[in-house]
Amino acid sequence: MSEPLISKAADFANPEQTLTPVPDVVSVAGTPAGSVAGAPVTADGRGEFLHYALRNRKLVFGLALEALFVIAAVVGPLISPHNLTAYFLPHQPPSAGHWLGTDYFGHDVFAQLVNGLRTSYLVGALGALCASAIGMALGFIAGWRGGLLDDVLQMVTNIIIMMPSLVLLIVIGAYLKTRGLVFEGVFIGLTTWPWVARAVRAQTFTLRSREFVDLARLSGRRPARIVLADIAPNMASYLFLVVILLFGSSMLLAASYDFLGLGPTNVTSLGTMMNQANEWSALLLHTWWWFVPPGVVLTGMVAALLIANVGLDEVFNPKLRGQ
Amino acid sequence: MRRYFTRKVITYVLAFFVGATIDWGIPHLMPGDPVQIYLSNFDLQPSGYAPLYKTMSEAFGTSLPLWDQYLHFWDGLVHGSFGVSIYDFPNQVTTLIWQALPYTLALLVPAITLSYIAGNRLGALAARRKVLDNTVLPAGYIFQAMPYAWLALAAPYLFGVIWHVFPISGGYAEGLLPQFSWIFISSLFVHWLLPFLTVFLVSLGGWAIGMRNLVIYELESDSSRYLRALGAREGLVRRYAYRNASLPQLSGLALQLGVVIGGNIVAEIAFRYPGLGLLIYNAITSEDYFLLQGIFIFIIIGVLAANFIIDIVFVVVDPRTRLSMQGATA
């Protein structure tokens with residue numbers, strides 16, 4: 001499952017230990033700090049970002065690995081010698097004709113793998129997108145307005161966090177006979193937004209009492225504009241990290257759902273491959289090439305995101321750059 | 001502290017209310033008439049359909065207005081009655097749940113607590129030693145990124161099918177009857193070990209990484225610098241850093257319970273371990289909605305109870321919650 005991933009975002013939710021917001025950035029190693037309190041990012045700042053990004057080994061390694069998987073997802077189905085529905089001899093081990101062998105039904109495993117990659121990326125992206133949209137909206141509102149509205153929203157957030165989402169999906173899924181990719185992505189988004197909301201709320205809370213926000217308020221800016229133009233840019237890097245983690249955990253969540261047979265009923269994904277392998281006793285038939293590749297690929301996809309995330313953290317946060 | 005607990009208890013009561021309402025609402029608000037769907041299985045003559053439909057809707061109470069059905073649901077809930085299971089027919093849903101519960105708890109409680117304790121220790125150690133850091137961190141990321149379902153396939157394949165060290169499915173050996181004997185208990189233990197280890201391993205990485213980052217952060221904090229300036233030994237500084245870092249980890253544990261339980265369900269299904277997770281699976285495959293509803297309520301109660309326990313632990317661990325009880329504000 002994906003719990004440890006999101007927990008990283010939850011750690012951030014504690015304002016005492018969050019990343020230093022941009023206004024505190026001091027010049028590092030002679031280069032001037034790029035963006036100052038709410039000001040738009042200048043070309044200078046972008047140069048500084050690139051300077052550190054390209055020299056961060058974790059970030060470069062993570063991105064390169066991720067790019068490899070993305071290319072496989074985009075190009076894979078096009079170069080795969082067989083399509084998803086073609087039949088061959090069942091239970092063939094990997095060979096020149098079938099790069100990853102064939103499954104119980106005689107389908108080509110490589111074709112399933114590259115198509116499954118696509119599905120996993122799409123579901124992950126959709127889940128992360130929905131969760132960040134809802135979570136940011138509610139987090140900004142709760143953090144900015146405070147008071148009763150904040151109490152109510154926090155209560156809702158805490159209640160949804162406590163709902164066991166897998167069980168909820170099982171109950172809903174038991175009644176929905178067909179499920180698509182969009183349903184799965186949106187469902188993941190609807191159950192994981194509280195993590196984003198908590199994090200964004202905590203950040204907004206600490207930022208809204210800063211001087212530059214007071215100044216913006218004095219100058220008569222509308223609240224929506226202050227939130228979007230003054231507060232949001234100051235946690236942009238942090239939000240970016242949260243979204244990356246969500247992307248990874250959405251893919252893992254989707255794999256769990258698919259494994260239980262609750263995933264999309266009309267497409268192949270990495271999780272449905274594992275589900276099929278389990279249902280048709282790939283373990284006892286020793287057809288390891290059916291269930292090992294999807295797991296290894298998914299681990300690689302998510303691990304690459306995590307490593308890139310750590311690298312980005314170091315790039316964004318001067319305190320972590322150090323040696 | 002009273003304020004702290006009042007707030008928590010209100011959240012729990014509301015969460016239970018929302019959970020129970022969802023549990024009731026999903027089947028009732030889904031499109032389609034359940035009695036009609038049920039009767040469509042039987043290939044009935046048109047003349048027999050109408051009276052049977054009438055009898056069935058009265059028997060299941062679907063002819064009542066929705067609010068009345070909702071009140072009936074709560075009435076049953078308060079009296080601990082969830083109806084009769086379809087999958088294991090004459091048995092009550094509650095009987096089945098009580099049978100499965102010990103297995104789930106035996107898997108879940110040690111896995112959560114041991115991985116939390118071991119992960120935190122490992123993370124704190126990694127923050128101290130470069131060598132350990134270079135091994136714990138990458139391993140932690142890989143375990144964090146690993147889809148649980150896959151580990152639950154790969155581990156039994158390796159240990160069960162290839163090396164024949166552990167059995168790959170079931171709660172105890174087939175042919176044994178549950179009894180208090182050495183053979184049964186050892187069989188229980190051998191079957192428990194592999195599912196436990198996989199759940200344990202998957203959660204371990206997350207705790208270790210979280211703790212490592214927190215301890216490093218705490219060691220750089222002003223309070224640690226102050227302690228060092230006073231001439232405190234490095235061991236003492238680290239001990240305080242560890243204690244400070246365990247608070248966010250503990251609240252993280254409370255937040256993740258719902259997800260950990262989800263992972264446990266995957267484990268039980270993959271290993272065919274006879275706990276609540278496998279019961280859920282059987283309920284889905286045999287379309288036993290009463291059983292499904294009952295388990296959902298049970299899991300929500302479990303999550304809320306575990307949250308409450310963590311709240312109490314928080315009062316013990318974090319002096320600030322106790323301070324607010326005495327009127328001082330922290």
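**Notebook: core, one helix and the A–B contact**

I started at A:Val196, which touches A:Ala131, A:Ser132, A:Gly135, A:Met136, A:Gly139, A:Val242 and A:Leu246, leaving aside residues up to four places away in sequence. Contact here means C-beta atoms, placed from the backbone, within 7 Å.

A note on the source: this is a predicted model, where local features need pLDDT of at least 70, side-chain atom pairs count only at pLDDT 80 or more, and totals for chains, interfaces and linings use all residues. Residues are numbered from 1 along each chain as its sequence is written, while chains are lettered from A and ligands numbered from 1 in the order in which they are written.

I checked confidence next: chain B averages a pLDDT (the predictor's per-residue confidence, 0 to 100) of 83, with 96% of the residues scoring at least 70. The complex gets an ipTM of 0.83 and a pTM of 0.83.

Then I looked at helix α9 (residues 223-231) of chain A, a DSSP run of H or I with at least four residues. Its buried residues (20 or more other C-beta atoms within 10 Å of their own) are A:Ile226, A:Val227, A:Asp230 and A:Ile231. They span an arc of only 110° around the axis, by the directions from the axis to the C-beta atoms, so they sit on the same side of α9(A). On the other side, A:Ala224, A:Arg225 and A:Leu228 are exposed (12 or fewer such atoms). The cover over the buried residues includes α4 (109-145), α7 (181-207) and α8 (211-218) of chain A.

Last, the interface: 49 residues of chain A contact 55 residues of chain B. I found that α12(A) gives the largest share of chain A's side, ten residues.

Key
Two residues are in contact if their C-beta atoms, placed from the backbone, lie within 7 Å. Helices (H or I, at least four residues) and strands (E, at least two) are DSSP runs, numbered from the N terminus.
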